[in-house]
Amino acid sequence: DHINEELSCFFIKEYIDEVLESLIFELKNSKFKINVICLSDFQITSYPGAFYQIITNLFYNSIRHGFDGVDFGNIVINISTNGSIATLVYRDDGIGISDNNMSRIFDPSFTTKQGRGGSGLGMHIVNNLVTNVLSGDIKVNSQEECGTEFIITFPCNI
């Protein structure tokens, strides 16, 4: 239902904070921390449902893959603007992605958790939402043992 929402004007930091609040039960009694860096008055006209799905999939990807076997970690979401283009940088300090897996990260049904609860659709969905719904672009940087960073650029007003 979140993806089918109408185009609307919203404060992106407030909205992402609400999304993360709905996911916080995953972090209950854990040592994982999330920090959102964004001006509180940064308002965009876009599809909030797409952001819900993007943040949710990135979050679960970090928890299930990036922090696999790790007892603590950090997620930082930094949102900024340069004129009519916004940049959302999502970064975790988890175990990173191997070079072998980097080229397949957005492929449908690719997962490192086959048979252990992973469908492999999360990052494929994120890529489709960023490029097709938000008319944006997504890049990923990662090194094993050094975490992963997703850089998403999109128009502030669709």
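This tour visits the chain as a whole, then a pair of helices, a buried loop residue, the salt bridges and two unusual backbone angles.

**The whole chain**

Begin with everything displayed, and keep in mind that the model is predicted. Colour the protein chain by secondary structure: four helices and seven strands should appear. Followed from the N terminus, these elements come in the order β-α-β-β-α-β-β-α-α-β-β.

Next, switch on a surface. The accessible surface of the protein chain is about 8,500 Å², and carbon and sulfur atoms contribute 47% of that area. How much of the chain is buried? Of the 158 residues in the protein chain, 44% are buried. Contacts can be considered as well: among those in the protein chain with a separation of 6 or more, 72% join residues 24 or more positions apart.

**Helices α2 and α4**

Hide the surface and select residues 48-66, which form helix α2. Add residues 122-133, which form α4. At what angle do the two helices pack? The angle between α2 and α4 is about 150 degrees, and their axes lie 9 Å apart. Because angles over 145 degrees count as roughly antiparallel, α2 is described as roughly antiparallel to α4. The crossing of α2 past α4 is left-handed.

Now show the side chains where the two helices meet. On the α2 side, select A50, Q53, I54, N57, L58 and N61. On the α4 side, select G122, M123, I125, V126, L129, V130 and V133.

**L134, in the loop after α4**

Move on to L134, which sits in the loop between α4 and β6 (137-142). Is L134 buried or exposed? Its relative accessible area is 1%, so L134 is buried.

Display the residues around L134. With neighbours within four places in sequence left aside, its contacts are S46, Y47, A50, F51, I54, L129, F154, P155 and I158. Two of these, A50 and I54, also belong to the α2 side of the helix pair, while L129 belongs to the α4 side. For a distance to check in the viewer, take the C-alpha atoms of L134 and F51: they are 8.9 Å apart, although these positions lie 83 residues apart along the chain.

**Three salt bridges**

How many salt bridges does the model contain? The count is three, and each can be selected in turn.

Select D17 and K13 for one of them. Their side chains form a salt bridge with an N to O distance of 2.8 Å. Both residues belong to helix α1 (residues 12-23), and because they are four residues apart, about one helical turn separates them. D17 is partly exposed at 30% relative accessibility, whereas K13 is buried at 18%. The cut-off explains the label for K13, because buried means under 20% relative accessible area. Beyond its neighbours within four places in sequence, K13 is in contact with V36, C38, L39 and S40.

Select E149 and R91 for another. Here the closest N and O atoms are 2.5 Å apart. E149 belongs to strand β7 (residues 148-155) and R91 to strand β5 (residues 85-92), so this salt bridge ties together parts that are 58 residues apart in sequence. E149 is buried, with a relative accessible area of 17%, whereas R91 is partly exposed, at 38%.

Select K139 and D137 for the remaining salt bridge. The N to O distance between these side chains is 2.7 Å. K139 is partly exposed, with a relative accessible area of 47%, and D137 is also partly exposed, at 32%.

**Two positive phi angles**

Finish with two residues chosen for their backbone. Select S135, in the loop between α4 and β6, which also holds L134. Phi of S135 is positive, about 55 degrees, although S135 is not a glycine.

Then go to the loop between β6 and β7 and select E145. What is the phi of E145? The value is near 70 degrees, which is positive in a residue other than glycine. E145 has a relative accessible area of 63% and is therefore exposed, whereas L134, visited earlier, is buried.

Notes. Residues numbered from 1 in each chain as written. Predicted model: local features only at pLDDT ≥ 70, side-chain atom pairs only at ≥ 80, totals over all residues. Heavy atoms only, no water. Salt bridge = Lys/Arg side-chain N within 4 Å of Asp/Glu carboxyl O. Buried < 20%, exposed > 50% of the residue type's maximum accessible area, 1.4 Å probe, protein only. Contact = heavy atoms within 4.5 Å. Areas by Shrake-Rupley, 256 points an atom, 1.4 Å probe, with all protein chains shown as cover. Axes fitted to C-alpha atoms, helices over the stretch in contact; angles between N-to-C directions. Parallel < 35°, antiparallel > 145°, perpendicular 65-115°, else oblique. Left-handed = near helix turned anticlockwise from the far one by under 90°.
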